[in-house]
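Visitor: I have not looked at this one before. Can you put it up and take me through a few parts of it?

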Amino acid sequence: MKPIGYWLNRTDKALTAHMNAMLADFGLTRTAWQVLNVVRDNSEALDANVHTVLAANADAPARAAAIEAVLADGWTTRPAPGRLTLTPSGRDRLAAVEERVATFRELSTTGITPDEYRTAVSVLERMTCNLEAH
């Protein structure tokens with residue numbers, strides 16, 4: 001059996017590759033989509049908030065590039081310096097993206113029960129907490 005680190009790395013690469021391919025139709029990457037989720041959940045999100053929430057998902061240059069991409073493509077706008085909010089068009093387009101993401105999630109958890117999924121997430125969370133505490 002391969003160790004957990006092998007499967008974590010391989011799973012993350014598979015998730016990213018598949019999501020990037022699936023989101024390409026919308027002009028998004030996985031990281032840009034994650035930026036949009038942070039902005040959606042915080043009506044006027046600070047850039048710093050986006051960076052904090054997504055720190056584990058991508059490095060600083062990738063996060064900054066994703067922020068610039070969603071601004072340039074009209075998904076978000078800046079109501080004030082250092083703040084992001086979804087545009088009406090961005091909000092509508094994000095709803096369409098969510099349909100595709102639901103299909104992706106269904107595909108990625110095929111054959112996995114909800115209890116198995118919760119167990120896997122719980123184990124990974126505990127491992128992370130164990131390591132970050134030291």
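**Helix α5 and its surroundings**

Guide: On the other side of α5, away from its buried residues, P88, D92, E99, T103 and E106 are exposed. Exposed means over 50% relative accessible area, buried under 20%, and partly exposed in between, with a 1.4 Å probe and protein chains only. Helices (H or I, at least four residues) and strands (E, at least two) are DSSP runs numbered from the N terminus.

Visitor: Where do these coordinates and numbers come from?

Guide: This is a predicted model, in which local features need pLDDT of at least 70 and side-chain atom pairs count only at pLDDT 80 or more, while totals for chains, interfaces and linings use all residues. Residues are numbered from 1 along each chain as its sequence is written, and side-chain values use heavy atoms, with hydrogens and water left out.

Visitor: Back to the helix. Which residues of α5 are buried?

Guide: G90, L94, V97, V101 and F104 are the buried ones in α5. Seen down the helix axis, the buried residues of α5 fall within an arc of 70°, so they line one face. That arc is taken from the directions from the helix axis to the C-beta atoms.

Visitor: Why do residues a few places apart point the same way?

Guide: An α-helix has 3.6 residues a turn, so residues three or four places apart point the same way.

Visitor: What do the buried residues of α5 pack against?

Guide: They pack against α1, α2 and β3. Contact here means heavy atoms within 4.5 Å.

Visitor: How many residues does α5 have?

Guide: α5 has 21 residues and spans 30 Å from its first C-alpha to its last, close to the 30 Å expected at 1.5 Å a residue. The expected span is 1.5 Å times one less than the number of residues.

Visitor: At what angle do α1 and α5 cross?

Guide: Roughly 145°, and their axes come within 11 Å. Axes are lines fitted to C-alpha atoms, for helices over the stretch in contact, and angles run from 0 to 180 degrees between N-to-C directions. The crossing of α1 and α5 is right-handed. The contact involves L15, H18, M19, M22 and L23 of α1, with V97, R100, V101, F104 and L107 on the α5 side.

Visitor: Different topic. How many salt bridges are there?

Guide: The count comes to six salt bridges, each a side-chain nitrogen of Lys or Arg within 4 Å of a carboxyl oxygen of Asp or Glu. One of them joins D25 and R100, whose closest N and O atoms are 2.9 Å apart. That pair links distant parts of the chain, with D25 in the loop between α1 and α2 and R100 in helix α5, 75 residues apart.

Visitor: Is D25 buried or exposed?

Guide: D25 is exposed, at 61% relative accessible area, whereas R100 is partly exposed at 30%.

Visitor: What does D12 form a salt bridge with?

Guide: Its partner is R30, with the closest N and O atoms 2.9 Å apart. D12 sits in helix α1 (residues 4-23) and R30 in helix α2 (residues 30-41), 18 residues apart. D12 is partly exposed at 39%, and R30 is buried at 16%.

Visitor: Which residues are linked in a network of salt bridges?

Guide: R40, D41 and E98 are. Between D41 and R40 the closest N and O atoms are 3.2 Å apart.

Visitor: Last one. Where does T87 lie?

Guide: T87 lies in the loop between β3 (83-86) and α5 (88-108). T87 is buried, with a relative accessible area of 14%. Leaving aside neighbours within four places in sequence, T87 is in contact with G74, W75, T76 and T77.

Conventions
A crossing is left-handed if the near helix is turned anticlockwise from the far one by less than a right angle, and right-handed if clockwise.
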